[in-house]
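I sat down with this one to look up a few things: pockets, ring pairs, salt bridges and surface patches. My notes are in the order I went through them.

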Amino acid sequence: MADKDLITDDQRLEVSPGSLLSVQSGAMDPPVEYQAVLQDGTLSLVPLDSHATGEGMVQPYPRSPKLLRKVAASRNLSEEELSRRLEELQSERTRTKAHIQSLKKRKADLSRSTEVMKHQVRERVEGMRAALQRDQQAMVDSLELDRIETSARLDHVLKGWDQHLGQVQRSITTTQKSLGRTWTGGDKQNLPDNLSHKKPDASEAEIRLNEERFEKLLKTLRSFYKDLKAQLQRKTLLLDSFPVMMDRQTCHSKITVTGEGRVMCFSDFAQSSPEHPLQFDKVCCALGSVAVTTGQRYWEADVRCCSAWAVGVAYGCLDRKGRDKGAKLGRNRNSWCVELRHGRLSAWHNDRHVSCSASGRGVPGRVGVWVHYEKGKLAFYDAETMKVLQEFSAALTTVFDRVHHQFTEPLYPAFSFLRPSEGQVWPSHMEIRDINTPIAIHKCQ
């Protein structure tokens with residue numbers, strides 16, 4: 001069917017240039033869309049999928065001259081921009097290749113550096129192992145020498161008893177022969193001299209291995225093993241060592257800070273310095289100058305010269321004025337601590353506490369504090385045995401009324417001198433240990 005037959009006289013439609021018309025030629029044929037086009041004053045229908053465009057065909061909506069000029073100008077500019085873009089991409093490719101090479105070099109350097117570190121660690125451990133093996137060999141040689149000396153002394157005593165046994169045997173033989181002649185009527189011979197009864201010498205009982213020395217050796221080895229085990233565990237924490245210094249502005253007037261901010265001394269007499277807004281005025285407490293805000297941190301406090309103390313952490317919003325629970329460590333939601341009071345060790349938070357079981361050596365002389373800020377973990381250690389005194393975490397704080405334990409503010413190291421029991425002397429001083437230096441042995445004044 002021709003296109004002109006698609007529309008009959010009864011199906012005349014009013015169309016305008018640019019309008020769309022859909023016509024279906026048959027029941028099974030898909031509809032075909034046409035567009036009305038004005039050409040030479042005559043309106044005709046052109047299929048939309050037709051690619052035939054006559055030279056004189058008029059577009060239904062021709063573009064304006066202004067738009068055409070803009071498109072032409074954009075085409076001219078695009079070439080310049082494409083050239084500039086190409087230069088930029090080439091420059092970016094050069095920079096990217098250089099950065100990739102730098103990363104590859106860093107990766108290679110990382111592998112080499114790691115291997116060097118591993119080698120150094122192996123050297124240190126091999127040195128310790130060699131020292132232990134030499135010491136082990138020396139102990140074994142000492143035990144062997146003790147055995148040889150003891151065995152030689154026993155050989156000497158055994159030789160004397162063998163000689164005595166030979167004399168007794170000869171006397172028995174001679175006596176038996178004399179007795180046989182007597183029975184047969186033979187001549188009697190002189191009997192051997194009677195041998196005296198040989199008694200064990202008292203010194204024989206002392207000939208034995210030096211078991212007392214051996215027991216001392218075992219005791220020393222057990223002590224070394226416990227210390228080594230504790231130091232190996234402490235070694236991991238020392239990697240997170242945190243330099244703590246006291247904030248003098250927070251110290252109670254009876255606390256004097258000395259030793260580069262690491263030593264706190266308690267005095268019965270208050271200092272005459274003006275009171276600071278951050279200072280504790282009633283509770284004998286002090287905070288560190290630097291807060292923990294990220295990562296893992298570890299520090300230790302020497303409390304051997306204190307008869308009553310508290311060591312912990314606190315938010316900066318901890319109350320500084322008054323004697324209410326808001327200003328006392330562990331008696332509020334803003335602080336955590338372990339404390340020694342009346343000879344008993346306990347852990348406190350949110351005004352609730354649990355008893356701490358110290359090591360068999362009694363109350364700790366040094367307290368270690370470990371914080372994992374992101375995970376909301378806090379642990380207190382007996383730094384001499386590395387026994388955990390108390391751990392605060394999401395899984396272990398139900399007694400402290402915390403559904404989920406998470407730190408929400410910067411944490412400051414916190415220390416407090418407590419009132420001692422009746423008859424005990426007031427605490428002397430507390431020291432923040434420099435854990436990267438050997439432990440110094442000192443006496444409390």
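What follows are my entries, one topic at a time. One thing to keep in mind throughout: I am looking at a predicted model.

**Pocket**

I began with the largest pocket and got a volume of about 470 Å³ for it. Next I pulled up its lining, which comes to 20 residues. Nearest the centre of the pocket I found Lys282, Val283, Cys284, Arg323 and Phe417. I then asked myself which strands supply at least two residues each to that lining. My list has β9, residues 335–341, and β15, residues 411–417. Sorting the lining by class, I counted 10 nonpolar, 8 charged and 2 polar residues.

**Ring pairs**

Phe417 came up again when I turned to aromatic pairs. Searching the whole structure gave me 6 of them. In one, the ring centres of Phe266 and Phe417 are 5.8 Å apart. Stacked or tilted? The planes sit at 50 degrees, so I wrote the pair down as tilted; the tilted class runs between under 30 degrees for stacked and over 60 for edge-to-face. I also checked where the two rings come from: Phe266 is in strand β5 (residues 263–266) and Phe417 is in strand β15, so this pair ties together parts 151 residues apart in sequence.

**Salt bridges**

My search of the whole structure turned up 15 salt bridges. I looked at one of them, where the side chains of Arg85 and Glu88 meet at 3.5 Å, N to O. Both residues are in helix α1, and being 3 residues apart there, they are separated by about one helical turn.

**Surface patch**

Last, I stayed with helix α1, which spans residues 65–184 and includes Met128. Met128 makes a nonpolar surface patch together with Val121 and Val125. I noted about 260 Å² for that patch.

Key:
Residues are numbered from 1 along each chain as its sequence is written. This is a predicted model: local features need pLDDT of at least 70, side-chain atom pairs count only at pLDDT 80 or more; totals for chains, interfaces and linings use all residues. Side-chain values use heavy atoms; hydrogens and water are left out. Patches are made of residues with over 30% relative accessible area and no salt bridge: like charges are joined within 9 Å, nonpolar side chains (Val, Leu, Ile, Met, Phe, Trp, Tyr) within 5 Å. Accessible areas come from the Shrake-Rupley method with a 1.4 Å probe; for residues, only the protein chains shown count as cover. A salt bridge is a side-chain nitrogen of Lys or Arg within 4 Å of a carboxyl oxygen of Asp or Glu. Helices (H or I, at least four residues) and strands (E, at least two) are DSSP runs, numbered from the N terminus. On a 1 Å grid over the protein atoms alone, a cavity is a set of points where a 1.4 Å probe fits but cannot get out, and a pocket is an open set with protein on both sides within 12 Å along at least five of seven lines; lining residues have an atom within 4 Å of a point. Grid points are joined across faces, edges and corners, and a volume is the space filled by probe spheres set on the points. Ala, Val, Leu, Ile, Met, Phe, Trp, Tyr, Cys and Pro count as nonpolar, Asp, Glu, Lys and Arg as charged, and the others, Gly among them, as polar. Rings of Phe, Tyr and Trp (its six-membered ring) pair if their centres lie within 6.5 Å; planes under 30 degrees apart count as stacked, over 60 as edge-to-face and the rest as tilted.
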